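Me: I have a structure to go through, and I would like the reason behind each label. Please set each value against its cut-off.

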Amino acid sequence: MTRTLGRSPLLDSRLASASAHAKVILFGEHSVVYGAPAIALPVPGLSLTASARTLPGPVRIESALYSGPIADAPARLGAPATAIAETLDALHRPAADLTVRIDGSIPAGRGLGSSAAVASAISAGIAAWAGEALDEQTHFRLIQAAEAVAHGSASGLDARAVVADAPIRFRAGRVQTLPVAVPATFVIADTGVPGATREAVAAVAELLARDESGVHGIIDGIAAETQGAEQDLAAGDTPSLGRRMTRVHELLRELTVSNERLDRLVDSALGDGALGAKLTGGGRGGCIIALAESAASAELLAARLTRTGAANAWIVTAEDSTDGSAA
Ligand code: PMV
């Protein structure tokens, strides 16, 4: 969901904001790169806002990391700087007299879509400031332009998921909303260590190129579990969904994208009564996602995971969009 908060004529006729939320991959990380389907959930509890306002002078960015002209911004702000420049270009606006402020944050490098969410909020916020509507395709293209700077080539899954209002299925660039019969509650637990998506994607590509240990078979196995998971969500079969998560974690381990911390958190979650657990996102750090038996037990599971080593934990529910809108 990228909510355009609108302009504030009473304060400043040239001020507008938009927000975007985090995402979590439920199934299909890595295999999605090779055309397999993936399932991602919006995480509305973790969000940020980009506010665009007129300020004479060079284009500026204000954030917890840096405030000043984007021309002088540190390299790590390359992705937001790209989102600003590309959006102004798409709207045929001069690159001047604009300040973009980012409030709130989504932990970076944890597979939660922070870079895509920043780019989403920036482009929607600038469009609202310019009084223009951003069509879905242009919005996606602008987020992907920033993602290319942040991560190299990205499948587009994050760019779609951070603007979704409901669980989505993503395959080969196409996105659709997934029906969910019974709300399912998950705990996302953070190892506290940034993930290494780029390296992990490169490692899988290398394994595939050599095709040692039947890597194609592993990708096919993840794809089959993802398809099964779609049916489980549609049928409300949470025990089956959980078993698939744990099986996929094993397959991701075989792809060499897990690590000890992720494995430990998965084991803790399973020991604490989760119906299933797996790493989420690129891996080699970042987070796991565990399926709780119920909404009430999710709180307990999150508390236990933070006691036994998670740096942080968040609860997210997969359910049909409450406002009835499509992803
Ligand atoms: O680490 P994240 O959340 O950006 O997810 C990466 C997902 C991959 O499938 C590994 C790569 C991609 O571009 O889809």
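Me: This is a predicted model, so before the details, over which residues does pLDDT stay under 50?

Reply: Residues 7-11 stay under 50, and the model has 10 contacts beyond four places in sequence for them. Where pLDDT is low, the predicted coordinates should not be read in detail, so those contacts are best left alone.

Me: What is the mean pLDDT of the protein?

Reply: The mean is 93, and 94% of the residues reach 70 or more.

Me: Why is Val187 called buried?

Reply: Buried means under 20% relative accessible area. Val187 has 0%, therefore the label applies. Val187 sits in strand β9, which covers residues 184-190.

Me: Which residues is Val187 in contact with, leaving aside neighbours within four places in sequence?

Reply: The partners of Val187 are Ile288, Ile289, Ala290, Ala298, Leu301, Ala302, Leu305, Ala313, Trp314 and Ile315. Take Ala298: in sequence, Val187 and Ala298 are 111 residues apart, while their C-alpha atoms are 6.3 Å apart in space.

Me: What makes Arg253 and Asp263 a salt bridge?

Reply: The rule asks for a side-chain nitrogen of Lys or Arg within 4 Å of a carboxyl oxygen of Asp or Glu. For Arg253 and Asp263 the closest N and O atoms are 2.5 Å apart, which satisfies the rule. This pair links distant parts of the chain, with Arg253 in helix α7 and Asp263 in helix α8 (residues 260-271), 10 residues apart.

Me: Are the two partners buried or exposed, and why?

Reply: Asp263 is buried because its relative accessible area is 15%, and the limit for buried is under 20%. Arg253, at 39%, is partly exposed, because that class lies between the 20% and 50% cut-offs.

Me: How do you know that Glu260 and Arg264 form a salt bridge?

Reply: Their side chains meet at 3.5 Å, N to O, and the cut-off is within 4 Å. Both residues lie in helix α8, four residues apart, about one turn of the helix. Glu260 counts as exposed because its relative accessibility is 62%, and exposed means over 50%. Arg264 has 48%, so Arg264 is partly exposed.

Me: Which residues are joined into one network by salt bridges that share partners?

Reply: Arg53, Glu62, Arg101 and Asp103 make up that network. One of its links is the salt bridge between Asp103 and Arg101, with the closest N and O atoms 3.1 Å apart. Asp103 has 31% relative accessibility and counts as partly exposed; Arg101, at 35%, also counts as partly exposed.

Me: How many salt bridges does this rule give?

Reply: The count comes to 15.

Me: How many cavities of 30 Å³ or more are there?

Reply: There is one, and the largest cavity holds about 30 Å³ of space. A cavity is a space where a 1.4 Å probe fits but cannot get out.

Me: Which residues line the largest cavity?

Reply: Val182, Ala184, Asp232, Leu233, Gly236, Asp237, Thr238 and Leu241 form the lining. Helices α6 (215-235) and α7 (238-254) each supply at least two of the lining residues.

Me: What kinds of residue make up that lining?

Reply: Four are nonpolar, two polar and two charged. Gly counts as polar under this scheme, so Gly236 falls in the polar group.

Technical notes: Residues are numbered from 1 along each chain as its sequence is written. This is a predicted model: local features need pLDDT of at least 70, side-chain atom pairs count only at pLDDT 80 or more; totals for chains, interfaces and linings use all residues. Side-chain values use heavy atoms; hydrogens and water are left out. On a 1 Å grid over the protein atoms alone, a cavity is a set of points where a 1.4 Å probe fits but cannot get out, and a pocket is an open set with protein on both sides within 12 Å along at least five of seven lines; lining residues have an atom within 4 Å of a point. Grid points are joined across faces, edges and corners, and a volume is the space filled by probe spheres set on the points. Buried means under 20% relative accessible area, exposed over 50%, partly exposed in between (1.4 Å probe, protein chains only). Contact means heavy atoms within 4.5 Å. pLDDT is the predictor's confidence in each residue, from 0 to 100.
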